[in-house]
Amino acid sequence: MIINVDAATAAWMAKMPVEAVARSNAYFEGGYWLQLWDFLCAAVISLALLQFGWSARMRDLAEKLTRSRLLQTAFYWACFLLLTTVLGFPLTVYEGYFREHQYGHATQTFGPWMGDQIKGLLVNLVIGGLLTIVLFGVVRRVRVWWIWGAAVTELFVIVMMLLAPVYLMPVFNKITPLEDPKVIGPILRMARANGIPAREIYQMDESKQTTRMSANVSGIGSTMRITVSDNLLRSGSPEEIQAVVGHEMGHYVLNHPWKGIEFFLIVIVAGFAFLNWSLTCSLARWGAKWNIRGAGDTAVLPLAMLLVSVYMFVLTPVQNTFVRTVEQEADMYGLNVSRQPDGFAQAAI
């Protein structure tokens, strides 16, 4: 039987009310504008820390408290993270709380939402602090620091990819083995047919935060797991569940995590090269004004963050192209493995 894809797509789209289409378009178009506002907000905060001397004062305070360079870096990072979080909080609360409620995606009241923000802050305090300490140690000890800094950052990305499913996701959500054989059976059959070494399917209580339906195939080796959100289990038909999970299996089987690592290796190396050049130029011109002693001075962090954010913002079209490519590949793979085109369309709508 020959299917007219355009006609089938139009039939599914016709099921969406005009108001829902307009609301969806407004949400995503507004999200694109928020990328710009996020960048500008971060840039203004970084410049304020430099221009008003707050960064140098935080460094000086750290040096008064301890002679250990490691502890100085850790203390500075804690001050930097807390200050930037507070300054950026108005945009964060609009973007993550009020806007999500406005469009019907959020389910949390302000208290639990704030609790998750505090958890994220603490995780960032520890993990970001470790990375910051190592990177500043590299800058202070190695002449070609930008090469070794890129290597450390790439290794950090790989380690986080391994640890996140087992150790970080449970910080925010309860993850338990899924026990419904009607759901488990088809998913495990798809997994075995495609060489995915999954023995259990997990569920995550995502409904406490959002109305979105989702799934993921994450981790590597012993940390590899298939996780389905309770929203998808509760609201999705068996066809939808298989289609969504099939899409996520596509990412795994097509090695998208590793391709992402390769892609970001290029981005990270080029970014550190840009950072080395731009820091040298910026410090030559404004270093004395901002009381920054060099690339190994913790007070340079706002400037480094600003330059990195400019670099990443300029690369947005490149990153979007990579994401669109892998998502399209996962779509095609998911349709082929699940054989549920209507389920896929229903889940998307």
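**Exercise 1. Contacts along the chain**

Find what share of the contacts in the protein chain between residues at least 6 apart in sequence join residues at least 24 apart.

Solution.
- Start with the term: a contact means heavy atoms within 4.5 Å.
- Take the contacts in the protein chain between residues at least 6 apart in sequence. Of these, 75% join residues at least 24 apart.
- Know your source. This is a predicted model: local features need pLDDT of at least 70, side-chain atom pairs count only at pLDDT 80 or more, and totals for chains, interfaces and linings use all residues. Residues are numbered from 1 along each chain as its sequence is written, and side-chain values use heavy atoms, with hydrogens and water left out.

**Exercise 2. The sheet**

Work out the strand order of the open sheet and name its edge strands.

Solution.
- Helices (H or I, at least four residues) and strands (E, at least two) are DSSP runs, numbered from the N terminus. The protein chain has 14 helices and four strands.
- Two strands pair if DSSP finds at least two bridges between them.
- The open sheet has four strands in the order 1-2-4-3, and the pairing is mixed.
- Its edge strands are strand 1 (175-177) and strand 3 (215-218), and each pairs on one side only.
- Strand 1 and strand 2 (residues 201-204) run antiparallel, joined by three bridges.
- Strand 3 and strand 4 also run antiparallel, with four bridges. One partnership: S218 with R225 in strand 4.

**Exercise 3. Two sides of strand 3**

Sort the residues of strand 3 by the way they point, and decide whether they are buried or exposed.

Solution.
- Recall the rule: in a regular strand the side chains alternate between the two faces of the sheet.
- A215 and V217 point one way from strand 3. N216 and S218 point the other way.
- Buried means under 20% relative accessible area, exposed over 50%, partly exposed in between (1.4 Å probe, protein chains only).
- All of these residues are buried.

**Exercise 4. Following T176**

Locate T176, classify its accessibility and list the residues that it touches.

Solution.
- T176 lies in strand 1.
- Its relative accessibility is 25%, so T176 counts as partly exposed.
- The bridge partner of T176 in strand 2 is Q203.
- Leave out residues up to four places away in sequence: T176 then touches I201, Y202 and Q203.
- Compare T176 with T227. They are 51 residues apart in sequence, and their C-alpha atoms are 9.1 Å apart in space.
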